[in-house]
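This report covers selected helix packing and strand pairing in one protein chain. The sequence and the structure are shown first.

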Amino acid sequence: MNITLETKIADLLNSRPDMKDILIAINPKFKKLNNPVLRRTLARLASVKQAAVVGGMDAIDLLNQIRIAIGEEPIDAVDIEVNQREEGKAPKWIKKKPKAELDANALLDRDENPLAEITKEMHHLEKGDVIKVTVDFKPEPLIDELLKRGHKVYTEEGDKGFITYIKKK
């Protein structure tokens, strides 16, 4: 398997029985992979590049640590272009009172899928309504999926983790 920045974490986990332990050894923040819901849902969406954001790592560093751990040659960073989303000034719409607030950590603890719960909540909202989601890691795969669906998304780091605001399209 040729591992790249676009390789899905689920594909890595399915390719080797020891991959979860390798990822956790690289970064303890990946202990969340012990959660079966996270493995089935977000790991399916998350690329190595997105996992690096979740783990607070440089994407090339994570990629090369994985490659070295499984016996592949590291990749020279100059051979790869990494596009990272720029985080700008907070938009005014996050000041709106959220129509729903979700604690993604609590959902994961109950083996529930945060993306599924957000999607359910969105069905009850009108265009322009906002949902607030808190979690103790930056939910990069979730953010990308919501952006693909056309919603506005803004994430900021707070004292107790990350707060993601989602504005319905």
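In this predicted model, Asn64 is in contact with Pro74 and Ile75, leaving aside its neighbours within four places in sequence. Asn64 has its place in helix H6. Because its relative accessibility is 12%, under the 20% limit for a buried residue, Asn64 counts as buried.

**Packing of helices H2 and H6**

Helix H6 spans residues 59–69 and is one of the elements against which the buried residues of H2 pack; helix H1 (9–15) is also among them. Helix H2 itself covers residues 19–26, and its buried residues are Met19, Ile22, Leu23, Ile24 and Ile26.

The axes of H2 and H6 are 10 Å apart, and the two helices pack at an angle of about 130 degrees. H2 is therefore oblique to H6, since an angle that is neither under 35 degrees, nor over 145, nor from 65 to 115 counts as oblique. The crossing of the two helices, H2 and H6, is right-handed. On the H2 side, the contact is made by Met19, Ile22, Leu23 and Ile26. On the H6 side, Leu62, Gln65, Ile66 and Ala69 take part. By type, the residues of the contact of H2 with H6 comprise 7 nonpolar and 1 polar, with no charged residue. Met19, Ile22, Leu23 and Ile26 also appear in the list of buried residues of H2.

**Pairing of strand E4**

Is strand E4 mostly covered or mostly uncovered? Strand E4 runs from 161 to 167 and is mostly covered, with 6 of its 7 residues buried. E4 pairs with strand E2 (residues 130–135) and with strand E3 (residues 152–158). The table sets out both pairings, each with one bridge between named residues.

| Strand paired with E4 | Sense | Bridges | One bridge pair |
|---|---|---|---|
| E2 (residues 130–135) | antiparallel | 6 bridges | Thr134 with Ile163 of E4 |
| E3 (residues 152–158) | antiparallel | 7 bridges | Tyr154 with Tyr165 of E4 |

The link between E3 and E4 is a hairpin through 2 residues. In a regular strand, side chains alternate between the two faces of the sheet. Within E4, Ile163 is the bridge partner of Thr134, while Tyr165 is the bridge partner of Tyr154.

Methods: Residues numbered from 1 in each chain as written. Predicted model: local features only at pLDDT ≥ 70, side-chain atom pairs only at ≥ 80, totals over all residues. Heavy atoms only, no water. Buried < 20%, exposed > 50% of the residue type's maximum accessible area, 1.4 Å probe, protein only. Helix = DSSP H or I, 4+ residues; strand = E, 2+ residues; numbered from the N terminus. Contact = heavy atoms within 4.5 Å. Pairing = 2+ DSSP bridges. Axes fitted to C-alpha atoms, helices over the stretch in contact; angles between N-to-C directions. Left-handed = near helix turned anticlockwise from the far one by under 90°. Nonpolar A, V, L, I, M, F, W, Y, C, P; charged D, E, K, R; others polar.
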